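Open the model in a viewer and keep the sequence panel beside it. The stops below say what to select next and what is there.

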Amino acid sequence: MSAVQTLNARDDLLELADLYEQVAALDPSTPSAGGAGVGPRVPPGVGELLQSDEVWRALADVDDWIGYCASIVASDVGDGPMPQLTPARLRYVAAWALVMLEQDDEVLARSFAAELARHLRVLRQLAHRGEHRVPVGVECRRQGCDGQLVSNLGGSDGTDSALRCDQCGQEVPFLV
Ligand SMILES: [Zn+2]
């Protein structure tokens, strides 16, 4: 497992933790949240645009998955008790990403990477659903991605000036 893959997994886990807090804050019906008051402020009405069921399922999915990963890390590393809240667990596993990527069980290591990518994709979409997205007619530059760049006019996360791919979520700084 290369150092680059480890760094990517760590960054992805940290981004997932932020997205989790952001999505949980968008959905008023989410009881666990785990990051109440941490996410960015949301304009009135945006919360209602989200379908609670879908949000709840996506967050519960991450809860289950990271609970499992964190328990593996905790038993392999023995680094104190594992955190209780999902965002904290995501950051905990991020700090020990190598442990997951270098599991002797190759299937486990590979499914960790695949699941991480899947959760990231789902939460990125949920986090940015309330925004007005204007296609700018430019294709994403990331290799293997056929998404289109969109402008997040009226975005809720302060990234108004950035263009973002509607598929992979990659951000491209907007240059005037
Ligand atoms: Zn893309």
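A residue is called buried if 20 or more other C-beta atoms lie within 10 Å of its own, exposed if 12 or fewer, and partly exposed in between, with C-beta atoms placed from the backbone. This is a predicted model, in which local features need pLDDT of at least 70 and side-chain atom pairs count only at pLDDT 80 or more, while totals for chains, interfaces and linings use all residues. Residues are numbered from 1 along each chain as its sequence is written.

**Whole chain**

Start with the protein chain coloured by secondary structure, which comes to 6 helices and 4 strands. Helices here are DSSP runs of H or I with at least four residues, strands are runs of E with at least two, and both are numbered from the N terminus. The order from the N terminus is α-α-α-α-α-α-β-β-β-β. Of the 176 residues in the protein chain, 32% are buried. Two residues are in contact if their C-beta atoms, placed from the backbone, lie within 7 Å. Among contacts between residues at least 6 apart in sequence, 49% join residues at least 24 apart.

**Helix α1**

Select residues 3-26, which form α1. The expected span of a helix is 1.5 Å times one less than its number of residues. For the 24 residues of α1 that gives 34 Å, and the end C-alpha atoms are 35 Å apart, which agrees. Show the side chains of the buried residues of α1: A9, L13, L16, A17, L19, Y20, E21, Q22, V23, A24, A25 and L26.

Next pick D12, also in helix α1. Why does D12 count as partly exposed? Because D12 has 18 C-beta neighbours inside 10 Å. Leaving aside neighbours within four places in sequence, D12 is in contact with L116 and L120. The C-alpha atoms of D12 and L120 are 7.3 Å apart in space, although the two residues are 108 apart in sequence.

**α1 against α4**

Add α4, residues 86-95. Two packed helices are described by the angle between their axes and the distance between the axes. Here α1 and α4 pack at an angle of about 175°, with axes 8 Å apart. The pair is therefore roughly antiparallel; that term covers angles over 145 degrees, with under 35 roughly parallel, 65 to 115 roughly perpendicular and the rest oblique. Axes are lines fitted to C-alpha atoms, for helices over the stretch in contact, and angles run from 0 to 180 degrees between N-to-C directions.

On the α1 side of the contact, select R10, L13, L14, L16, A17, Y20 and E21; on the α4 side, T86, P87, L90, R91, V93 and A94. These residues divide into 9 nonpolar, 1 polar and 3 charged. Nonpolar means Ala, Val, Leu, Ile, Met, Phe, Trp, Tyr, Cys or Pro, charged means Asp, Glu, Lys or Arg, and the others, Gly among them, are polar. The buried residues of α4 are T86, P87, R89, L90, Y92 and V93, and they pack against α1, α3 and α5.

**Helix α3**

Move to residues 52-77, the 26 residues of α3, which reach 36 Å from first C-alpha to last, close to the 38 Å expected. V55, L59, V62, W65, I66, C69, A70 and V73 are buried in α3. Their cover includes α1, α4, α5 (97-101) and α6 (106-127). Just past the end of α3, check G78, which takes a positive phi of about 65°.

**The cores**

A nonpolar core is a set of buried Ala, Val, Leu, Ile, Met, Phe, Trp, Tyr and Cys residues joined through C-beta atoms within 7 Å. The largest has 30 residues, and those with the most contacts inside it are L13, Y20, V23, C69, V93 and L123. The elements giving two or more residues to this core are α1, α3, α4, α5 and α6. Its largest share, 10 residues, comes from α1. Centre on L123: beyond four places in sequence, L123 touches L16, L19, Y20, V23 and A58.

A second, separate core of 5 residues includes C140, L149, L163 and C165.

**Around β2**

Finish at G147, in the loop between β1 (132-139) and β2. G147 is partly exposed, with 16 other C-beta atoms within 10 Å. Not counting residues up to four places away, G147 touches C140, C165, D166, Q167 and C168. The C-alpha atoms of G147 and Q167 are separated by 4.8 Å.

Q148 lies in strand β2 (residues 148-153) and is partly exposed, with 17 other C-beta atoms within 10 Å. Outside its neighbours within four places in sequence, Q148 is in contact with P135, E139, C140 and D166.
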